[in-house]
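Reader: Hi! I'm in my first year and still learning to read structures. Could you pick one place where helices meet, look at it closely with me, and then show how the rest fits around it?

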Amino acid sequence: MLKQVLEILTTTPEKLQREISTMSRREMQTRAAPNKWSVQEVLAHLADVEELGMRSRVVAMVEQENPTLPSFDQEARAAEMEYSKIDPRRSLASLARQRRANVQWLRKLRPAQLKRKGVHEKVGEISAEELITEWAFHDLGHLKQILEIKRYALYPHMGNMQAFYQLS
Ligand code: NI
């Protein structure tokens, strides 16, 4: 496994904690655009997929012979689980707790276990190691999303310097 994968997985909760430490509840509930997630929704998503999208799939590959890994619609899941109503600090605490256990567990997987495979319903064959790598990739994507929300919140206060930037 790439060394940075476990390093990223280990440090994500503390990075998130640092980013939200000075944000008010209201700032965490603000969406940069109607179709984008707020910080609160991102944190609820991370806590929610930790088991459903990540650990349970690695467990299935390690314990079963070439299992099918069901996919899920993350937007439907966000509405169903009411991400927009979950206390973001509880979500982060839940993620941190699950993540500590998951990193300990991942460190114990042997090379032969990392090579085991499954078939993801949408994208086809993947190995345990590839999914674990995506787990870290997914972390950084959502960390970046939170940084983007914080960055966009500064934009209205930049006066004419806004001309240098095009918000997408
Ligand atoms: Ni995601």
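Author: Happy to! Let's begin with H1 and H7: H1 passes H7 in a left-handed crossing. Keep in mind as you look that this is a predicted model. The axes of these two helices come within 9 Å and cross at roughly 20 degrees. An angle under 35 degrees counts as roughly parallel, so H1 is roughly parallel to H7.

Now find the residues that do the meeting. On the H1 side they are Val5, Ile8, Leu9, Thr12, Lys15, Leu16 and Glu19. Facing them from H7 are Ile132, Thr133, Trp135, Ala136, Asp139, Leu140, Leu143, Ile146, Leu147 and Lys150.

H1 also packs against H5. Here the angle is about 165 degrees, and the axes are 9 Å apart. Since angles over 145 degrees count as roughly antiparallel, H1 is roughly antiparallel to H5. H1 passes H5, too, in a left-handed crossing. From H1, the contact uses Leu6, Leu9, Thr10, Thr12, Pro13, Leu16, Gln17 and Ile20. H5 answers with Pro88, Leu92, Leu95, Ala96, Arg99, Val103, Leu106 and Arg107. Try selecting Leu9, Thr12 and Leu16 on your screen: they belong to the contact of H1 with H5, and they are also listed where H1 meets H7.

What do these helices help to build? Helix H1 (3-20), helix H3 (39-63), helix H5 (88-107) and helix H7 (128-154) come together around the largest nonpolar core, which has 14 residues; Val39, Val42, Leu43, Leu46, Ala47 and Leu92 touch the most other members. Each of those four helices supplies at least two residues of this core. H3 gives the most, with 6 residues. This fits a general habit: in soluble globular proteins, nonpolar side chains tend to be buried together.

Valine 42 is a nice residue to zoom in on. Leaving aside residues up to four places away in sequence, valine 42 touches Trp37, His142, Gln145 and Ile146. There is also a second, separate core of 9 residues, and among its members are Met54, Leu106, Leu131 and Trp135. You have met two of these names before: Leu106 in the contact between H1 and H5, and Trp135 where H1 meets H7.

Let's step away from the helices for a moment and look at the sheet. 3 strands form an open sheet in the order E1-E2-E3, and their pairing is mixed. E1 and strand E3 (124-127) stand at the edges with a single partner strand each, so one side of each is left without a neighbour in the sheet. E1 and strand E2 (residues 117-120) pair in the parallel sense over 2 bridges, and leucine 69 stands opposite histidine 120 in E2. H3 packs on the sheet as well, touching E1 and E2, and its direction makes about 130 degrees with that of E2.

On the other side of the pairing, E2 and E3 run antiparallel and are joined by 4 bridges. There, valine 119 stands opposite glutamate 125 in E3. A hairpin of 3 residues joins E2 to E3.

Two loop residues are worth a stop, too. Most residues other than glycine have a negative phi. Asparagine 66, in the loop between H3 and strand E1 (68-69), has a positive phi near 45 degrees. Glutamate 82, in the loop between helix H4 (74-80) and H5, has a positive phi of about 55 degrees. Are these two buried or exposed? A residue counts as exposed with 12 or fewer other C-beta atoms within 10 Å. Asparagine 66 has 11, so asparagine 66 is exposed; glutamate 82 has 10 and therefore counts as exposed as well.

Finally, zoom out. The protein has 7 helices and 3 strands, which run α-α-α-β-α-α-α-β-β-α from the N terminus on. Its C-alpha trace spans about 60 × 30 × 30 Å along the principal axes. Of the 168 residues, 26% are buried. Among contacts between residues at least 6 apart in sequence, 77% join residues at least 24 apart.

Note on methods. Residues numbered from 1 in each chain as written. Predicted model: local features only at pLDDT ≥ 70, side-chain atom pairs only at ≥ 80, totals over all residues. Core = buried A, V, L, I, M, F, W, Y, C linked by C-beta atoms within 7 Å. Buried ≥ 20, exposed ≤ 12 C-beta atoms within 10 Å, placed from the backbone. Contact = placed C-beta atoms within 7 Å. Pairing = 2+ DSSP bridges. Axes fitted to C-alpha atoms, helices over the stretch in contact; angles between N-to-C directions. Parallel < 35°, antiparallel > 145°, perpendicular 65-115°, else oblique. Left-handed = near helix turned anticlockwise from the far one by under 90°.
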